[in-house]
Structures are given as structure tokens and as C-alpha cells.
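Colleague: I am new to reading protein models. Could you walk me through this one, feature by feature?

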Amino acid sequence: MFKTKMTELFGINHPIMLAGMNWITTPELVAHVCNAGGLGMLAVAQFSPDDTLKAIKEIRKLTDKPFGVNQILIGPGARENIQTAIDEKVPVINYALGKPWFIDQVHAYGGKVIGTTAIARHAVRAEQLGCDAVVITGREAAAHGAEATSLVLITIVSSHVKIPVIAAGGFHDGRGLAAALALGASGISMGTRFMMTKECHLHDNFKQLCLQATEQDTVYSNRFDGMDGRALKSKASLELMKKGFPMAEATSAAMEIKRLLKLSWWQFIGLSFKMMSADEGSPLWVQARQAVAAKRSLLAIEKGDTDKGFLFAGQDCGAIDDIPSVKEVIDRIIAQAEQTLEATRQKIVK
Ligand SMILES: Cc1cc2nc3c(=O)[nH]c(=O)nc-3n(C[C@H](O)[C@H](O)[C@H](O)COP(=O)(O)O)c2cc1C
């Protein structure tokens, strides 16, 4: 066990965070990570405010440790979900893709805010805005990254900000944690590795596909949900990359999202217009693609449909060859990071 600026800031035992992942980070998975000494993060972009509240209460039944809520600020319901988390005094609010308006409100109850970005300039801006830590996402990562890989991004960002830097994208073992610390980060955030655990409800068909994948078996495109992102190479991801704008599928997927978010027709239409004009809004075509990605993700995660289902996954699925428990993952990483840091000193020829 070692303490870093990250463990001190959040009051956790290990500098390891569960990356917020839509449809994946269930209250159970979040609580398992917290109980094993890491920082669990609940992604709520797919939830209505009522569902967000329910999930927060479920987490509190399963753990008394600090946890966080992750929300993409460009999606429908972002304001309402963030407000629900604030009303509940959730210890950590983690946002991505958008401008945070709530930092003072979170600090008022003693909470912490983490900004997630893939661009060094935005990490500096997050610090200026008052964020307590920043997650920086390298291009290796599942879902949304930018041009720079973790190796480059961590060194640049940690030279320019004083707040703790949490490195994401490609981290799956103790060597990665040791490397991230050496490059200036205070800890790591992992998506793909935690998705490949016993406690994660990802359908076994896709767990098996990830196990078989090599580091070459992911694809990067803006055709999945309208933003550049990385997904597991599969029939559906390759098909989506070739497709033009999926009008019919987007319409039916938007209806599905309306149902999941429990929106009335008036709310749905009003929200679509509001999102197009708001600061944190995004063009309708991005929203439509996001709806398709959400529907296809559910087919993968819940139904295990290897023909139509699509899954965001990182290059590190090529390095993952087992499905242990969350606790095993964390304990292994800490032990291996300690050995790696020790062994690294011994590599230096005197
Ligand atoms: C299935 C899936 C869904 C994701 N959904 C979100 C999300 O809702 N919000 C977010 O900020 N990042 C999301 N991500 C990205 C992760 O938070 C994280 O940046 C990424 O998994 C880190 O790279 P790694 O997979 O190599 O560990 C998602 C990733 C996956 C695999």
C-alpha cells in the first residue's frame, strides 16, 4: 500500500479509480471497487434523475467508503443528474466533455470535483476553474480520447498542473501504475480492466471476445457515437464505421433513449432544442449517433449479441487474459507496482 496525492485527496487506500462507464458501472461494481480500497465511479449519463438517486442509495447500502458520480455534460439530463448528486452530497463529482458550472456547489459540502479530458490545455483549464484533480485520457483508452497517447499526455499535464493527475488509457497492471507514477501522475483510472472482472455484468460473449483480442483488435472512429472513440473490433463496429448517417436506426434509438430517461414528448422535443443551443449542447447528428451507440452497447453488454452489439474497449484488452475479482485486480496491481518500483532501481548499473 502506498499513499499518493490521490489517496490523500479522496481518503482512499489505493491510487486506483474505476473509470465511469455507461451501462457498465453498476452500483455493485462501484461498491466492490470502493470496498477493495479504490475509488468507485458511477456513470449516470444513461439514467433519469430518479434512477441516479436510486443508484446512489444502492451504493450507500453496499459501502460506507467514498465514491463518485460521472456525467458527460453534453448529454440529455446532465444538469438534473449533477444536481441530484449534489443534493445527495456525493463525495466526488467527475465530469467529461463540457464546462462545469457546479464546482462551488460541490466544494460547499466538502465534495471534490474531477475533470476528465484528453487534451493538455483542457487539463490546465480544469485546474484554473477549481477542479481538485484531473483524469487525463490517452489515445489507448476505450471510448473517447484525442491524438496524444498516455506516455506523452501524462508528462505534459503533470508538468503544467499542481492538482493530482489521474492517468487513464491503457492501464491494467502494476507496471502501468508504477510507470504512471514515474511520469508524474498520482494514480490511475481503469475501464477495460474493471470491465473484465467477475463482478462486472458485461455479457460473457463479450468478455470472451475481449480475452481473445490482441492489442491490434480495437478500432478508432467517430462513426460510433459521433465523437472519436475506440471500440472492440467486431462485426458491428466495422459495419458502423462503413455506414453513412444511420437515419432509421437513429430514430428508433432516440425513442429508446426517451423511454429510458422517462421523458414525455414535450420534454423530449424541448430538450432536443435546448441541447442544440446550450453551451454544453451538441449537434443533433452527434446526439442521434449517441442514441445508436447506446442501443448497440446495450445489445452487447446485456444480450451478448456479437452480430449487432458494439462495445467500447481499450487497446489493453490485448494484455488482459483473465477474469479475476475486483479485489484481486486491485491487490495484484498494488503488489506488482511495489515490486516494479523496487526492481527498476536495481536495473540501474552502477
Ligand atoms: C463500455 C464503456 C463505456 C464508457 N462510458 C464512459 C462514460 O460514460 N463516461 C466517461 O467519462 N467515460 C466512459 N468510458 C471511458 C472510460 O471512462 C475510460 O476513459 C477508459 O475506459 C480508460 O481506458 P482503459 O479502458 O484503457 O482503461 C467508457 C468506457 C467503456 C469501456
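Modeller: Gladly! Keep in mind that this is a predicted model. Let's begin with a single residue, I320: it has 2% relative accessibility, and because buried means under 20%, I320 counts as buried.

Colleague: Where is I320 placed in the chain?

Modeller: I320 sits in the loop between helix 14 (284-301) and helix 15 (326-346).

Colleague: Which residues is I320 in contact with, leaving aside its neighbours within four places in sequence?

Modeller: They are H172, T192, R193, M196, C210 and L211. Take R193: 127 residues separate it from I320 in sequence, yet their C-alpha atoms are 7.2 Å apart in space. For the chain as a whole, look at contacts between residues at least 6 apart in sequence: 63% of them join residues at least 24 apart.

Colleague: How much of the protein chain counts as buried?

Modeller: Of its 350 residues, 54% do. The accessible surface is about 15400 Å², and carbon and sulfur atoms account for 56% of that.

Colleague: Now the strands, please. How many helices and strands are there in the protein chain?

Modeller: The chain has 15 helices and 10 strands. As a general idea, strands of a sheet pair through backbone hydrogen bonds, either parallel or antiparallel. Here, eight strands form an open sheet in the order 1-8-7-6-5-4-3-2, and the pairing is parallel. At the edges are strand 1 (16-18) and strand 2 (40-43), each pairing on one side only. From one strand to the next, the twist averages 25 degrees.

Colleague: Which way do the residues of strand 2 point?

Modeller: The general rule is that in a regular strand the side chains alternate between the two faces of the sheet. In strand 2, G40 and L42 point one way, M41 and A43 point the other way, and all are buried.

Colleague: How many bridges pair strand 2 with strand 3?

Modeller: Four, in the parallel sense. One useful residue to find is G68 in strand 3, the bridge partner of M41. G68 also stands opposite V92 in strand 4, so you can step across three neighbouring strands by following the order of the sheet. Strand 3 (residues 67-72) and strand 4 (residues 92-96) run parallel and are joined by five bridges.

Colleague: What lies between strand 2 and strand 3 along the chain, and what lies across strand 3 and strand 4?

Modeller: Helix 3 (residues 49-62) makes a right-handed β-α-β unit with strand 2 and strand 3. Helix 4 (residues 78-87) lies across strand 3 and strand 4, at about 170 degrees to strand 3. Elsewhere, helix 7 (residues 150-160) lies across strand 6 (133-137) and strand 7 (165-168), at about 155 degrees to strand 6.

Colleague: How should I read the cysteines?

Modeller: A disulfide is a covalent bond between the sulfur atoms of two cysteines. With a cut-off of 2.5 Å between sulfur atoms, the count here is zero disulfides. C317 is in none, as the nearest cysteine sulfur, that of C210, is 5.2 Å away. C317 counts as buried because its relative accessibility is 0%, and C131 counts as buried at 4%.

Colleague: One last feature: what is the phi of L97, and what is the phi of A143?

Modeller: Phi of L97 is near 55 degrees, a positive value in a residue other than glycine. L97 lies in the loop between strand 4 and helix 5 (103-108) and counts as partly exposed at 31% relative accessibility. For A143, another residue that is not glycine, phi is positive too, near 65 degrees. A143 is in the loop between strand 6 and helix 7 and is buried, with a relative accessible area of 16%.

Notes:
Residues numbered from 1 in each chain as written. Predicted model: local features only at pLDDT ≥ 70, side-chain atom pairs only at ≥ 80, totals over all residues. Heavy atoms only, no water. Pairing = 2+ DSSP bridges. Helix = DSSP H or I, 4+ residues; strand = E, 2+ residues; numbered from the N terminus. Axes fitted to C-alpha atoms, helices over the stretch in contact; angles between N-to-C directions. Contact = heavy atoms within 4.5 Å. Buried < 20%, exposed > 50% of the residue type's maximum accessible area, 1.4 Å probe, protein only. Areas by Shrake-Rupley, 256 points an atom, 1.4 Å probe, with all protein chains shown as cover. Right-handed = clockwise from strand over helix to strand, strands pointing away.
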